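Here's a quick tour of how the parts of this chain meet and where its rings pair up. Have the viewer open while you read.

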Amino acid sequence: MNCRLPNSSDPLLFTPGPLTTSRTVKEAMLRDAGSWHFEFNERVKWIRERLLSIADLSRSDGWEAVLLQGSGTFGVESVFSTSVPPDGKVCVLANGAYGERMGAILGHLRVAHTMLPAPENQVHNLDLLDRALSSDPAITHVAAVHCETTTGILNPIEAIGRVTKRHCLQFVADAMSSFGAIPIDCESGGIDFLISSPNKCLEGVPGFCFVIARRESLLGNEGQERSLSLNLAGQLRGFEKNGQFRYTPPTHTVLAFEQALKEFEAEGGISARGARYQRNHSALLEGMKRLGFKPYLPPSVQSYIITAFHCPADPRFEFSEFYRRLSDEGFIIYPGKLGCANTFRIGNIGHIFEADIRALVEAVGEAIETMGVRMGAEAAAEMKS
Ligand SMILES: *Cc1c(COP(=O)(O)O)cnc(C)c1O
């Protein structure tokens, strides 16, 4: 399972997401499925059940997994559209682009909200949150990102949820880039809505998103949803009525996800997948440090999902050339996100393995050598002379 065909012409994606998927996941899409057909609806049902079991939750305890067309952002927007009542207000914790995006969504929806920003290299401060919630009784919801993919920082999602629950509010967790590789306890973490995507740690292809929600919270605002197509309660009612997506389902993507979930289970679930990503991350960190690259985050808050590195100070380093040299060798990396210092990012997730990481690091070494970039001590010595 962990070898790629030698003639595969696809580049390796270190860019979650989209990310690298297995050949068998891609092959699962070589079929046309009728969306009204009972067989397809059985698959959808199976996927919804598997998602709950991955989260260690069950319908009998009041949890639902709802699939929705669109990328991960559509899922975040659907949760706010569905659950925030007309007089509701959301407190958004933001230490990166995805937290900021939640604020943008709420702005578009004309939902009252307040931003609680933290520096991009620091996790959220629970005392600040506690005080913000105490001082503003209008707040009905708290929202936060688990792994903020902007930097790879890992926010203490369950602790944030517990503070939220002390104030008897609803908690929305964007676990897009962590679900499936980092365990999350929705029950004890006070999570009402967990949003994720097939195209991150579960290694499916893009095309839909899913939300794991407490049924009570999901249906608590029924009739007052702010959107027709991004209405999660409506989507759940659709699945309950006839087992179908309300509008045209992304059939091929669903078939690919079914296969991806089977491969996830065959690998050994969250712990095995998390362990593979940890090995990828260690190999990456060790190799890049050896070349003289410095990670942006302190190790204490760094996740094993994605790593941001400072661009070398040497003016001979130009990201676009660096990027092109790596892509010529079949490696696609991520530029930094605006706002996050001068960095570039390398993802550890997807159908990639330690050997792939080592090959990438080797290509990085060759690229900086060809570009004549001086690193760390070498660069400092050159500047002095
Ligand atoms: C990928 C991601 C999203 C969703 O992005 P889409 O491009 O809409 O799929 C949201 N939040 C986080 C933390 C992510 O990593």
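## Two domains and their contact

In this predicted model, the C-alpha centres of domain 1 and domain 2 sit 29 Å apart. Domain 1 comes in two pieces, 12-20 + 269-384, while domain 2 covers 23-265. On the contact side, domain 1 brings 28 residues and domain 2 brings 29 residues.

Putting the two together buries about 2300 Å², with carbon and sulfur atoms giving 59% of that area. If you want names to look up, try Ile270, Arg273 and Lys337: they supply 27% of what domain 1 buries against domain 2, more than any other three residues. The interface of domain 1 and domain 2 also has 2 salt bridges across it. As for Arg273, its side chain meets that of Glu203 in a salt bridge, at 3.8 Å from N to O.

## Aromatic pairs

There are 15 aromatic pairs in the structure. Take Phe208 and Phe257: they're edge-to-face, with 5.5 Å centre to centre and 75° between the planes. Phe208 belongs to strand E10 (residues 208-214) and Phe257 to helix H9 (residues 251-267), so this pair ties together parts 49 residues apart in sequence. Are these two rings buried or exposed? Phe208 counts as buried because its relative accessibility is 1%, and Phe257, at 0%, counts as buried too.

Elsewhere, ring pairs join Phe293, Phe309, Phe317, Phe319, Phe322, Tyr323 and Phe344 into a cluster.

## Charges over rings

Lys262 has its charged end over the ring of Trp46, 6.0 Å from the ring's centre. For Arg276, the charged end sits over the ring of Phe353, and here the distance to the centre is 4.6 Å.

Notes:
Residues numbered from 1 in each chain as written. Predicted model: local features only at pLDDT ≥ 70, side-chain atom pairs only at ≥ 80, totals over all residues. Heavy atoms only, no water. Phe/Tyr/Trp six-rings, centres within 6.5 Å; stacked < 30°, edge-to-face > 60°. Helix = DSSP H or I, 4+ residues; strand = E, 2+ residues; numbered from the N terminus. Buried < 20%, exposed > 50% of the residue type's maximum accessible area, 1.4 Å probe, protein only. Lys NZ or Arg CZ within 6 Å of the ring centre and 35° of its normal. Domains from an automatic or database assignment. Contact = heavy atoms within 4.5 Å. Buried area = accessible area lost by both parts, 1.4 Å probe. Salt bridge = Lys/Arg side-chain N within 4 Å of Asp/Glu carboxyl O.
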